[in-house]
Amino acid sequence: MSEFCTRNFFSDGIAAKQMELLAGYSAVTHKHKYDHLSILAEGKCFVEIDGSNVCYTAPACINIKAGLNHSIHAVEDCVWYCIHATNETDESKLDKVLIVEG
């Protein structure tokens, strides 16, 4: 695994983004217009939500509230899934549909 890699999975109205992060790496801060679930399937990480840090150890299911900046900081190698309600299946457009700019 590289320091950060992603794969996307799609089902009926659902997109799951799998991220693999090596210890010491982070997924960038971003926010969404709606609540969504994230699943820490493997490893240990800090999740920063609007400046507050919470440590999670897999397995964990986390509800990320709409409009809150959040990021993931891997303490151990992690496998993380973001679960989104969307019909978008074009991977080149997915982040533009899911992430609030600015």
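I began with Lys 65 and looked up its exposure in this model, which is predicted: at 44% relative accessibility, Lys 65 counts as partly exposed.

**Salt bridges**

I then asked what Lys 65 pairs with, and found that Asp 35 forms a salt bridge with Lys 65, with 3.6 Å between the closest N and O atoms. Asp 35 sits in the loop between β3 (26–30) and β4 (36–42), and Lys 65 in the loop between β7 (60–64) and β8 (70–74), so this pair ties together parts that are 30 residues apart in sequence. I noted that Asp 35, at 39% relative accessibility, is also classed as partly exposed.

I searched the whole structure for salt bridges and recorded two. In one of them, the side chains of Lys 17 and Asp 95 meet at 3.0 Å, N to O. This pair links distant parts of the chain, since Lys 17 belongs to strand β2 and Asp 95 to helix α1 (residues 91–98), 78 residues apart. I checked the exposure of both partners: Lys 17 has a relative accessible area of 14% and is therefore buried, the cut-off being under 20%, whereas Asp 95, with 36%, is partly exposed.

**A loop residue**

I looked up Asp 12, which is found in the loop between β1 (4–11) and β2 (14–21), and wrote down that Asp 12 is exposed, with a relative accessible area of 74%. I also took the C-alpha to C-alpha distance from Asp 12 to Leu 98, which is 16 Å, for two residues that are 86 apart in sequence.

**Strand β7 and its partner**

I followed the side chains along β7 and saw that they alternate: Ala 60, Ile 62 and Ile 64 point to one face and are buried, while Cys 61 and Asn 63 point to the other face and are not buried. I traced the pairing of β7 with β4 and found that the two strands run antiparallel and are joined by five bridges; Cys 61 in β7 is the bridge partner of Ile 39.

**The four-stranded sheet**

I went on to an open sheet of four strands, which I entered in the order β3-β8-β5-β6 with antiparallel pairing. β3 and β6 (52–57) stand at the edges and have a single partner strand each, so one side of each is left without a neighbour in the sheet. Direction ignored, neighbouring strands of this sheet are turned by 20° against each other on average. I looked last at β5 (residues 44–49) and β6, which run antiparallel and are joined by six bridges, and noted that Ile 49 stands opposite Ser 52 in β6.

Technical notes:
Residues numbered from 1 in each chain as written. Predicted model: local features only at pLDDT ≥ 70, side-chain atom pairs only at ≥ 80, totals over all residues. Heavy atoms only, no water. Buried < 20%, exposed > 50% of the residue type's maximum accessible area, 1.4 Å probe, protein only. Salt bridge = Lys/Arg side-chain N within 4 Å of Asp/Glu carboxyl O. Pairing = 2+ DSSP bridges. Axes fitted to C-alpha atoms, helices over the stretch in contact; angles between N-to-C directions.
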